[in-house]
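Trainee: I would like to learn how to read a model of this kind, feature by feature. Could we look at it together?

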Amino acid sequence: MESIPMWQFVSLSTIFSWIFFSSFFNFTQKFRSLIQPWVIRRVIKDTPFILKIQSFHHGFFDNLFSTMSCVVSVPFYTAFLPFLFWSGHGKLARQMTLLMAFCDYLGNCIKDVVSAPRPSSPPLRRVTATKDEKENALEYGLPSSHTLNTVCLSGYMLHYVLNYTQHTDSASLLAGFSVVCLFVGLIALGRIYLGMHSVVDVFAGLVIGLVILAFWLTVHEILDNFVVSGQNVTSFWVTLSFILLFAYPTPELPTPSFEFHTAFDGVALGIVAGVQQTYHQFHHEGVPRIFSPTLSFQVFMGRVLVGIPTILLVKFCSKALAKWILPVLSNTLSVPIKSSCYIPTLNESLEDKKSNGSKQSGYIQKFLFFSSQDSFDVDTGIRFFQYAGLAWSVVDLVPSLFSYLGL
C-alpha cells in the first residue's frame, strides 16, 4: 500500500479547513458586501461606453463576434481536446485540459462570490446567437470567462508551440505574441459589443488570466510529472475533486456556473486517472504525431471516426449508470437527495418523506457538517460521473481501440 505524501495531506487538509472556516465565518457574504457595490457602480458607469461601441451595429460584426465567442467557449474546448490527445500531442492536451478546468473553477468561483450583474439589456442590445451563449447570459458578469480563458489557453498554446518547434528567436516571439494579443483583443471587444460584459468584467478577466497563466507556466512541468509518474495520483485526485465540489461558493442567486465547474471537474479526474494508468502505452513523448510518417492525416481521421461515437456512447452509459447507482447509494447512507432535472421522481419521494416526518440525518451528512441541509442534488453527482467517464474513454478506452484496430 502506497503511503500518502505529506504535501498531499497538507493540501487536502487546507482546502477542507477552508470550507469549514469560510462557512462558519461567512467569508463569501462578507467579501461580497465589500466588492459587489463597487463592481455594480462600474457596470452602470460603463453603459454609455458600451452603447457607443454598439452604435456600430452591423450584421457582419454580429456574426464575427458570435462565431469567435463559440470558438473560445467551454463546449468548443471540450470537443477540441480529444483531437489533441488522438493527434499524439498528449502533453499539450492534458495541460490544456487541466488548465481549462483550473480557469473554469477559479473564474466561476469569482463570478459567484462577487455576484455582480451583467450590463442591463435594455438599454443595451444583448446578442445570444447560440444555446451556449444563452446559458452564459444567466451567469454573473465579473470576470469575463471568455477573456480569462482566451488569455490562458492561447498564451499556453504559444508557449508550447515555440518550445516544440524550437523557434525562440525574437522574430518568432514577436509574431506569436502579436497574434495572441490580437486574438485576445478581439475576444474582449466582442464580449462588450455583444452586450455580454462591461469593461470592468473584461479587464478583470484579462488581469486574472495573466496571473493564472504566469502561475501555470511556473508549475506546469511539476504538475505534469506528478500526473504521469507521481505517487498516489488517482486517489489524491478523486479526493481533491470531491472536496472542490463542496469548496465552491454559494452565489447570491442560482446560476449555471456550478454545473459548468462540475462537468470540468469530472473531465479533469477522468483525464488524470486515464493518463496515469496508460501513460507508457499511449501518451508518452515517443507516440506517433499527426502529419508524421507513422500517423498520417488519413489515419488520424480514422481515429476521429472511431473515437467520437465511442466517447458519446460512454457518456450516455455513464449517465445511465450514475442515475441508477447514486440514488441507491444515497438511500443506503441515509442521505436525502433530490433531482432538479435528471430524476424527477426523486422530488416526489422527498416530499412524501417530509410530509410523513420521516426525514433523518445520515452519518455521512453529520460527518460532512451538512446535516442542516434538507437534501442534496443528485444531478451534481450524475453530471460529474458522466463527464469523468467521457474523459476516461478519451485517454484510455479509445486509444485501446486504436491499438486493436491498427490506427
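Trainee: Where is the place of Asn 26?

Mentor: Before anything else, keep in mind that this is a predicted model. Asn 26 sits in the loop between H1 and helix H2 (27-54), and its backbone deserves a look, since Asn 26 has a positive phi of about 60° although it is not a glycine. As a general idea, most residues other than glycine have a negative phi. As for its surroundings, Asn 26 counts as partly exposed because its relative accessible area is 36%, which falls between the cut-offs of 20% and 50%.

Trainee: Which loop holds Ser 115, and is Ser 115 buried or exposed?

Mentor: Ser 115 is placed in the loop between H5 and H6, and it too is not a glycine but has a positive phi, of about 55°. With a relative accessibility of 2%, Ser 115 counts as buried, whereas Asn 26 is partly exposed.

Trainee: What is the peptide bond from Leu 142 to Pro 143, cis or trans?

Mentor: The general idea is that most peptide bonds are trans. The bond from Leu 142 to Pro 143 is cis, with omega near 0°, and Pro 143 belongs to the loop between helix H6 (131-136) and helix H7 (145-164).

Trainee: Moving from the backbone to the overall fold, how many helices and strands does the chain have?

Mentor: There are 15 helices and 2 strands in the chain, and 48% of its 407 residues count as buried. To read how the parts come together, look at sequence separation: of the contacts in the chain with a separation of 6 or more, 83% are between residues 24 or more positions apart.

Trainee: Which residues touch the most other members of the largest nonpolar core?

Mentor: A core is read as a set of buried nonpolar residues joined through their side chains. Here the largest one has 63 residues, and those that touch the most other members are Phe 85, Trp 86, Leu 98, Leu 99, Trp 237 and Val 275. Helix H5 (residues 90-114) gives the largest share of this core, 10 residues. Another core, of 11 residues, lies apart from it, and includes Leu 124, Val 127, Leu 194 and Met 196.

Trainee: What does Leu 98 touch, beyond residues up to four places away in sequence?

Mentor: Leu 98 touches Trp 216, Leu 223, Val 227, Trp 237, Ala 268 and Val 272 when those sequence neighbours are not counted.

Trainee: How many aromatic pairs does a search of the whole structure find?

Mentor: The search finds 23 aromatic pairs. One of these is formed by Phe 102 and Trp 216, a tilted pair at 5.8 Å centre to centre with 35° between the planes. This pair links distant parts of the chain, since Phe 102 is in helix H5 and Trp 216 in helix H9 (residues 199-229), 114 residues apart. Trp 216 is buried at a relative accessible area of 4%, while Phe 102, at 29% relative accessibility, counts as partly exposed.

Trainee: Why is the pair of Phe 236 and Trp 237 edge-to-face?

Mentor: The ring centres of Phe 236 and Trp 237 are 6.4 Å apart and the planes stand at 85°, so the pair is edge-to-face, given that planes over 60 degrees apart are classed in that way. Both Phe 236 and Trp 237 are buried.

Trainee: Which residues is Gln 8 in contact with, leaving aside neighbours within four places in sequence?

Mentor: Gln 8 is in contact with Phe 226, Gln 231, Asn 232 and Phe 236. Gln 8 is part of helix H1 (residues 6-25), and its relative accessibility of 1% is why it counts as buried. For a view across the sequence, Gln 8 and Leu 240 are 232 residues apart along the chain, with their C-alpha atoms 9.4 Å apart in space.

Trainee: And on the surface, which residues form the nonpolar patch?

Mentor: The patch is formed by Leu 321, Trp 324, Ile 325, Val 328, Leu 329, Leu 333 and Phe 385, with about 650 Å² of accessible area together. Helix H12 (residues 297-332) provides the largest share, 5 residues. Ile 325 is found in helix H12 and is partly exposed, with a relative accessible area of 35%. For the chain as a whole, about 20,500 Å² is exposed, and carbon and sulfur atoms supply 69% of it.

Definitions and conventions: Residues numbered from 1 in each chain as written. Predicted model: local features only at pLDDT ≥ 70, side-chain atom pairs only at ≥ 80, totals over all residues. Heavy atoms only, no water. Core = buried A, V, L, I, M, F, W, Y, C linked by side-chain atoms within 4.5 Å. Buried < 20%, exposed > 50% of the residue type's maximum accessible area, 1.4 Å probe, protein only. Helix = DSSP H or I, 4+ residues; strand = E, 2+ residues; numbered from the N terminus. Contact = heavy atoms within 4.5 Å. Areas by Shrake-Rupley, 256 points an atom, 1.4 Å probe, with all protein chains shown as cover. Phe/Tyr/Trp six-rings, centres within 6.5 Å; stacked < 30°, edge-to-face > 60°. Patch = residues over 30% accessible without salt bridge, like charges linked within 9 Å, V, L, I, M, F, W, Y side chains within 5 Å. Salt bridge = Lys/Arg side-chain N within 4 Å of Asp/Glu carboxyl O.
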